[in-house]
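Trainee: I would like to take a close look at a single part of this protein and see how it fits with the rest. Could you guide me through it slowly?

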Amino acid sequence: MTKHSDLNSAAIAAHCATGASHVAIEVVDETGSTNADLLARCATLAGPTLRIAGQQTAGRGRAGRPWVSQPDASLMFSLAWRFKGPLHQLVGLPLAVGVALAETMTSLGVPVQLKWPNDLLKDSHKLAGILVETQQAADGGVWAVIGCGINLLMPDALERQIGRSVSAVPWLAQMERNTLLAALLSRLAGMLAEFDDTGFAPFTERWNLLHAWQGQHVKILDNGQLLQQGVAAGVDQLGRLLLRTDGGLQEIMSGDVSLRLAGE
């Protein structure tokens, strides 16, 4: 099995589809955060850039939460991509990224599902997380830095450190890492080019087909406070969660709210 130290930008590029051939690929053994690295360089990037780290010492999830990882157990990367903009057209981007990642994994023999707004689940536990951060481009466009962390293996010590049950994909962990990253990048590049032209709408049905909690009773929390509860009914063409409540159908924007099953 290829370890993180064997990741190689030329080998990844060699396996990529032509639609990803314009993406610059960087591999580093260790960094604080690949998202932070690329955000700091958006003004000078020549084009789309993928940055992969064997280890992140300051990885981040949503709402500033730390992303706990371990070398060789996780796949951690960020992709900087310039969109035509404006910023509000990027609503739904984390969901579209989830579709691309999930469809790639399913094509590789690992069926996964999506949890709104930005998690991948396997066997009902979190397998991967997505963090999208944006920065205005000098020419009026918008740079989005898309960070992804995927649990390939889950050693007991790491699961204890995370403090809750998480999932892993030992099947993909056996796959040659450069080939796996090329598959993910190829699908992401195609999706991002389409999203730049269309927004989230064409991805709505694909997301809903992968929705883990469709038809289940859920609750929406904000800093631990219950905001809303009802039956999850998928997402609309803006990427808003549709919630069937006693008061009718409600549309929930992501922000920093959390989604939980009603019994949790």
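In which strand is the place of Thr 31?

Mentor: Please keep in mind throughout that this is a predicted model. The place of Thr 31 is in strand S1, a strand that covers residues 24–31. With a relative accessible area of 11%, Thr 31 is buried, because a residue counts as buried when this value is under 20%. The side chain of Thr 31 makes a polar contact, at 2.6 Å, with the side chain of Asp 37. Thr 31 can also be paired with a residue much further along the chain, since Gln 56 is 25 residues away in sequence while the two C-alpha atoms are 5.1 Å apart in space.

Staying in strand S1, we can turn to Glu 26, which lies there as well. If we leave aside its neighbours within four places in sequence, Glu 26 is in contact with Arg 41, Thr 49, Leu 50, Arg 51 and Ile 52. Two of these partners deserve a slower look. With Arg 41, the side chain of Glu 26 makes a polar contact of 2.7 Å, side chain to side chain. With Arg 51, Glu 26 forms a salt bridge in which the closest N and O atoms are 2.9 Å apart. This pair links distant parts of the chain, as Glu 26 is in strand S1 and Arg 51 is in strand S2, which covers residues 49–56, so that 25 residues separate them. Both Glu 26 and Arg 51 are buried. As a general point, side chains of opposite charge can pair when their charged atoms come close. Here the pairing goes beyond two residues, for Glu 26, Asp 37, Arg 41 and Arg 51 are linked in a network of salt bridges. Asp 37 therefore belongs to this network, and Asp 37 is also the residue whose side chain makes the polar contact with Thr 31.

It helps to set this part beside other salt bridges in the protein, where a search of the whole structure finds eleven. One of them joins the side chains of Lys 126 and Asp 119, at 3.4 Å from N to O, and both of these residues are buried. Another is formed by Asp 123 with Lys 122, whose closest N and O atoms are 3.2 Å apart. In this second pair the surroundings of the partners can be told apart, as Lys 122 counts as buried at 18% relative accessibility, whereas Asp 123 is exposed, with a relative accessible area of 59%.

Asp 123 has a further feature that can be read from the backbone. Asp 123 lies in the loop between strand S5 and strand S6, the latter covering residues 125–136, and it has a positive phi of about 55 degrees although it is not a glycine. Asn 223 can be described in a similar way, with a positive phi near 55 degrees in a residue other than glycine. Asn 223 is found in the loop between strand S8 and strand S9, and it is exposed, with a relative accessible area of 74%. These values are worth pointing out because most residues other than glycine have a negative phi, and most peptide bonds are trans. On the matter of peptide bonds, a cis bond joins Gly 85 and Pro 86, with omega about 0 degrees, and Pro 86 has its place in the loop between strand S3 and helix H3. A cis bond also joins Trp 116 and Pro 117, again with omega about 0 degrees, and Pro 117 is found in the loop between strand S4 and strand S5.

Finally, let us place strand S1 within the whole. The protein has seven helices and twelve strands, and buried residues make up 53% of its 264 residues. Among the contacts with a separation of 6 or more, 65% are between residues 24 or more positions apart; the salt bridge of Glu 26 with Arg 51, 25 residues apart, brings together distant parts of the chain. Turning to the outside, the accessible surface comes to about 11,700 Å², and 49% of it belongs to carbon and sulfur atoms. Val 91, Leu 238 and Met 253 make a nonpolar surface patch of about 260 Å². Within that patch, Leu 238 lies in the loop between strand S9 and strand S10, and at 46% relative accessibility Leu 238 counts as partly exposed.

Conventions:
Residues are numbered from 1 along each chain as its sequence is written. This is a predicted model: local features need pLDDT of at least 70, side-chain atom pairs count only at pLDDT 80 or more; totals for chains, interfaces and linings use all residues. Side-chain values use heavy atoms; hydrogens and water are left out. Helices (H or I, at least four residues) and strands (E, at least two) are DSSP runs, numbered from the N terminus. A polar contact is a pair of N or O atoms within 3.5 Å; within protein, one must be able to donate a hydrogen and the other to accept it, and residues adjacent in sequence count only if both atoms are side-chain atoms. Contact means heavy atoms within 4.5 Å. Patches are made of residues with over 30% relative accessible area and no salt bridge: like charges are joined within 9 Å, nonpolar side chains (Val, Leu, Ile, Met, Phe, Trp, Tyr) within 5 Å. Accessible areas come from the Shrake-Rupley method with a 1.4 Å probe; for residues, only the protein chains shown count as cover. A salt bridge is a side-chain nitrogen of Lys or Arg within 4 Å of a carboxyl oxygen of Asp or Glu. Buried means under 20% relative accessible area, exposed over 50%, partly exposed in between (1.4 Å probe, protein chains only).
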